[in-house]
Amino acid sequence: MPDTRLDGSNVLVTGGAGNIGAAISRAFAAQGARVAVHYLAQDPPAPDDTEWAHVTPTAGAAEALARELGNGSFAVSADLSRPEAAGELVATVVDRLGSIDVLVNNAAHCETPDDVDTLTYASLERHYRVNAFAPAVLISEVARLRRGEAPLSVVNITTDAARAFPGQTGYGTSKAALEAVTRSTALDLAPRGIRVNAVAPGPVQTGWMGDDLAAEVTALVPLGRLGEPADIADAVVYLASHQARWITGQVLQVAGGHAL
């Protein structure tokens, strides 16, 4: 990718230590950026009859990734389901790096079951706290620090399940809310030169699909293969880069044609 102008930039990637997040962190580091690799130190126990469907990398994995990235990158923990966590996370990163030039809202909560028959207020709240509330507050916190300074770029990670996905009511609708946040904040922040976009991944193989399910899902992808974390990471770097300087408020579906 020519002339991204990301060399020397400071990037905060939430959920930056595992699978897609780790690929995003590596992609920015390859452009010469310093990366604050956010991770969740420990998931709380799941309620009865509920399972967490997301992966929570260990502190050791996050710290090992930060060492691999080098160039002043570091791991930082925060529980984004806490109302105060977004502000605390931003303060910690700015104290360490001096500024945040790129914010990638990648951290997500996903649980099963998540269909309309099992829906509860608590399950909706768990999804929305991490998938919509925290990213919105992070954008606000970072934007307030950028008044009169160089432009900021924000990239939110949503999902093509935000369009419609049976059995993922809380997850899908909370990500749809994040897409609405993307458009709203893009309009509010455009006069300051701050761009806000989103990437909506399709089915990405991160180890959660067995052979039979992978074959079934692949048949639904027009380009004929499952996504890889690097497919998403490259799109995120593009939207954050100088090449995308006149793009804001967009949701870029990176899904091989799935769910068009």
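Asn-71 is partly exposed in this predicted model, with a relative accessible area of 45%. The residue sits in the loop between helix 2 and strand 4. Its phi is near 60°, a positive value in a residue other than glycine. A second such case is Ala-259, which has a positive phi of about 60° although it is not a glycine. Ala-259 belongs to the segment after strand 9. It is partly exposed as well, at a relative accessible area of 34%. Most residues other than glycine have a negative phi, and most peptide bonds are trans. The second part of that rule also meets an exception here. The peptide bond between Thr-112 and Pro-113 is cis, with omega at about -5°. Pro-113 lies in the loop between strand 6 and helix 4.

The loop that holds Asn-71 leads into the sheet. Seven strands make up this open sheet, in the order 4-2-1-5-7-8-9, and the pairing is parallel. Strand 4 and strand 9 (251–254) stand at the edges. Each has a single partner strand, so one side of each lacks a neighbour in the sheet. On average, neighbouring strands are turned by 20° against each other, direction ignored. Helix 2 (residues 59–69) packs on the sheet and touches strand 2 and strand 4. Its direction makes about 175° with that of strand 2. Helix 7 (residues 229–240) lies across strand 5, strand 7, strand 8 (195–201) and strand 9. Helix 7 runs at about 165° to strand 8.

Strand 4 spans residues 74–77. In a regular strand the side chains alternate between the two faces of the sheet. In strand 4, Phe-74 and Val-76 form the covered face. Ala-75 and Ser-77 form the uncovered one. The partner of strand 4 is strand 2 (residues 34–39), and the two pair in the parallel sense over four bridges. Within this pairing, Val-37 has Ala-75 as its bridge partner in strand 4. Phe-74 also takes part in a contact with a charged side chain. Arg-96 lies over the face of Phe-74, at 4.2 Å from the ring centre.

Further along the sheet, strand 5 and strand 7 (residues 153–157) run parallel and are joined by four bridges. One residue of strand 5, Leu-103, finds its bridge partner in Val-154 of strand 7. Beyond strand 5 (102–105) comes a loop that leads to strand 6 (111–112), and Asn-106 lies in this loop. Asn-106 counts as buried, because its relative accessibility is 11% and the cut-off is under 20%. Its side chain reaches the backbone oxygen of Gly-15 at 2.9 Å. Leaving aside its neighbours within four places in sequence, Asn-106 is in contact with Val-13, Thr-14, Gly-15, Ile-20, Gly-21, Ile-24 and Ile-157.

Three of these contacts lead to helix 1: Ile-20, Gly-21 and Ile-24 are among the buried residues of that helix. Helix 1 (residues 20–30) is mostly covered, with nine of its eleven residues buried. The others in the buried set are Ala-22, Ala-23, Ser-25, Ala-27, Phe-28 and Ala-29. The cover over these residues includes strand 1 (10–13), strand 2 and strand 5, as well as strand 7. Helix 2 and helix 7 are also part of that cover. Just after helix 1, Gly-32 takes a positive phi of about 90°.

Helix 4 covers residues 121–144 and includes Ala-136. Ala-136 is partly exposed, with a relative accessible area of 26%. From Ala-136 to Arg-195 the separation is 59 residues in sequence and 14 Å in space, C-alpha to C-alpha. The structure holds one aromatic pair. Its members are Tyr-128 and Phe-133, with ring centres 6.2 Å apart. Their planes stand at 55°, so the pair is tilted. Phe-133 counts as partly exposed, at 47% relative accessibility.

Technical notes. Residues are numbered from 1 along each chain as its sequence is written. This is a predicted model: local features need pLDDT of at least 70, side-chain atom pairs count only at pLDDT 80 or more; totals for chains, interfaces and linings use all residues. Side-chain values use heavy atoms; hydrogens and water are left out. Buried means under 20% relative accessible area, exposed over 50%, partly exposed in between (1.4 Å probe, protein chains only). Two strands pair if DSSP finds at least two bridges between them. A polar contact is a pair of N or O atoms within 3.5 Å; within protein, one must be able to donate a hydrogen and the other to accept it, and residues adjacent in sequence count only if both atoms are side-chain atoms. Contact means heavy atoms within 4.5 Å. Axes are lines fitted to C-alpha atoms, for helices over the stretch in contact, and angles run from 0 to 180 degrees between N-to-C directions. Rings of Phe, Tyr and Trp (its six-membered ring) pair if their centres lie within 6.5 Å; planes under 30 degrees apart count as stacked, over 60 as edge-to-face and the rest as tilted. A charge sits over a ring if NZ of Lys or CZ of Arg is within 6 Å of the ring centre and within 35 degrees of the ring normal.
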